[in-house]
Amino acid sequence: MAFMKPVESKALFMGRLAHGSDLLEAISEFCLQNRIRLGRIKAIGAVQKARVGFYNQKTREYQYNDIDRPLEITNLAGNVSIKDGRPMVHAHITLADEKGNCFGGHLASGTIIFACELILDVFDGPAFERGFDEATGLTLWEMGE
Ligand code: ZN
């Protein structure tokens with residue numbers, strides 16, 4: 001079974017984020033300031049250091065990995081929806097080191113931008129609100145009708 005609802009393209013933003021700022025916070029702040037409640041995020045660039053999460057399905061807690069060195073953002077994919085009445089950015093990131101080895105996970109605060117080029121698709125559509133999901137312990141989209 002799939003919980004899917006149609007959305008429509010409303011606006012498209014393209015730009016870059018400031019050197020030295022926190023990647024997750026910079027995207028979240030842009031969404032808050034522009035009242036973006038539903039969207040898709042894509043980005044590439046580089047970070048000075050990274051903090052990524054791994055959700056432990058047994059303990060139902062995030063474990064965090066700190067990678068304290070420069071890395072390329074080979075891909076960042078995410079979305080914007082609503083949690084507790086506010087826009088929430090959920091993004092996953094893949095990062096490569098100087099040898100091309102990749103690391104990845106759930107983007108966490110503490111990932112610092114070296115350079116970042118971002119594309120943000122803003123959608124019109126039904127509210128995608130996050131709520132506690134018993135099966136996973138995560139806050140997932142409530143798609144019930
Ligand atoms: Zn995640």
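**A walk around the zinc site and the pocket**

Hi everyone, let me start with one histidine: His92 is partly exposed, with a relative accessibility of 42%. Before I go on, please keep in mind that this is a predicted model.

Why begin with His92? It is one of the residues that hold the zinc ion. Which atoms coordinate the zinc ion? They are NE2 of His90, NE2 of His92 and ND1 of His106, at 2.0 to 2.1 Å. If you look for these donors in the sequence, their spacing reads H-x1-H-x13-H. And is His90 buried or exposed? His90 falls in between: its relative accessible area is 22%, and buried would mean under 20%, so His90 counts as partly exposed.

Now to the largest pocket, which has a volume of about 390 Å³. It is lined by 21 residues, and those closest to its centre are Tyr62, Met88, His90, His106 and Thr139. You will recognise two names there: His90 and His106 are also zinc donors.

Where does the lining come from? At least two residues each are supplied by helix H1 (23–33) and by the strands E2 (39–56), E5 (86–96), E6 (102–107) and E9 (139–141). Strand E5 gives the largest share, with six residues. As for the chemistry of the lining, 11 residues are nonpolar, eight are polar and two are charged.

Let me stay with the aromatic residues for a moment. Tyr62, which we met by the pocket centre, forms one aromatic cluster together with Tyr55 and Tyr64. The count of aromatic pairs comes to four.

Last stop: the backbone. Most residues other than glycine have a negative phi. Here are two arginines with a positive value. Arg35 has a phi of about 50°, and it sits in the loop between H1 and E2. For Arg60, phi is about 60°, and this residue belongs to the loop between E2 and strand E3 (61–67).

How accessible is each of these arginines? Arg35 has a relative accessibility of 71%, and the cut-off for exposed is over 50%, so Arg35 counts as exposed. Arg60, at 36%, counts as partly exposed.

So, when you turn the model on your own screen, you could start from the zinc ion with His90, His92 and His106, go on to the pocket lining with its six residues from E5, and finish at Arg35 in the loop between H1 and E2. Thanks for listening!

Methods. Residues are numbered from 1 along each chain as its sequence is written. This is a predicted model: local features need pLDDT of at least 70, side-chain atom pairs count only at pLDDT 80 or more; totals for chains, interfaces and linings use all residues. Side-chain values use heavy atoms; hydrogens and water are left out. On a 1 Å grid over the protein atoms alone, a cavity is a set of points where a 1.4 Å probe fits but cannot get out, and a pocket is an open set with protein on both sides within 12 Å along at least five of seven lines; lining residues have an atom within 4 Å of a point. Grid points are joined across faces, edges and corners, and a volume is the space filled by probe spheres set on the points. Helices (H or I, at least four residues) and strands (E, at least two) are DSSP runs, numbered from the N terminus. Ala, Val, Leu, Ile, Met, Phe, Trp, Tyr, Cys and Pro count as nonpolar, Asp, Glu, Lys and Arg as charged, and the others, Gly among them, as polar. Rings of Phe, Tyr and Trp (its six-membered ring) pair if their centres lie within 6.5 Å; planes under 30 degrees apart count as stacked, over 60 as edge-to-face and the rest as tilted. Donors are N, O and S atoms within 2.8 Å of the metal (3.2 Å for Na, K and Ca); water is not among the atoms, so sites may look incomplete. Buried means under 20% relative accessible area, exposed over 50%, partly exposed in between (1.4 Å probe, protein chains only).
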